[in-house]
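Trainee: I should like to examine this model step by step. May we begin with the structure itself?

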Amino acid sequence: MVWLLIGALTKTSQRWIVPCVLIALGGYFLFVLFVDFRFLVSIVFTLPPLIALLCLFIKLSVQRQSQAAVIGSIAILLMFLALVLQQMHIGLHPIYFNYNALYHLIQGIALALLFTDFRQLVKQ
């Protein structure tokens, strides 16, 4: 899905992106179903589009002096922070607010920032 958003922001033809995304998603599903279903597989699958989106936001923030792109970069960095904290099992409380709860809280904040960010970038 992130690849489609990158295509929309760069005004790249969706004709090439959609089949590639569907092939990658199918490969991910097959790998998870038949090889390995650990959370680390999901992280590895999501890293390339997140890194590409971060690079795009950095490029837009430099080229357009876009505050929305800066906020998007911060959101992606928050996602990376959430992944690191989750993998290191760092939480606020071992029972009431463990590492998974902290991961989802930070991820939710980052996704909310991205949602508002995309709305601003589309208007530009």
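Trainee: In which helix is Gln86 found?

Mentor: Please note that this is a predicted model. The helix in question spans residues 67-87, and Gln86 lies within that range. The helix that holds Gln86 is therefore α4.

Trainee: Is Gln86 buried or exposed?

Mentor: A residue is called buried when its relative accessible area is under 20%. For Gln86 the relative accessible area is 9%. Leaving out residues up to four places away in sequence, Gln86 touches Phe39, Tyr99, Asn100 and Tyr103. By the cut-off, Gln86 is buried.

Trainee: Which helix supplies the largest share of the largest nonpolar core?

Mentor: That core has 25 residues, and Leu9, Leu53, Phe57, Ile76 and Leu114 have the most contacts inside it. At least two residues come from each of α1, α3, α4 and α5. The largest share is nine residues, and the helix supplying it is α4.

Trainee: Which residues does Leu9 contact, leaving aside neighbours within four places in sequence?

Mentor: Leu9 is among the residues with the most contacts inside the core. Two others of that group, Leu53 and Phe57, are in contact with Leu9. The full list is Leu53, Leu56, Phe57, Phe118 and Leu121.

Trainee: Against which helices do the buried residues of α2 pack?

Mentor: In α2, the residues Ile17, Val21 and Tyr28 are buried. They lie on the same side of α2 because they cover an arc of only 30 degrees around the axis. The face turned away from that side carries exposed residues, including Trp16 and Phe34. The buried residues pack against α1 and α3.

Note on methods:
Residues numbered from 1 in each chain as written. Predicted model: local features only at pLDDT ≥ 70, side-chain atom pairs only at ≥ 80, totals over all residues. Heavy atoms only, no water. Buried < 20%, exposed > 50% of the residue type's maximum accessible area, 1.4 Å probe, protein only. Helix = DSSP H or I, 4+ residues; strand = E, 2+ residues; numbered from the N terminus. Arc of directions from axis to C-beta. Contact = heavy atoms within 4.5 Å. Core = buried A, V, L, I, M, F, W, Y, C linked by side-chain atoms within 4.5 Å.
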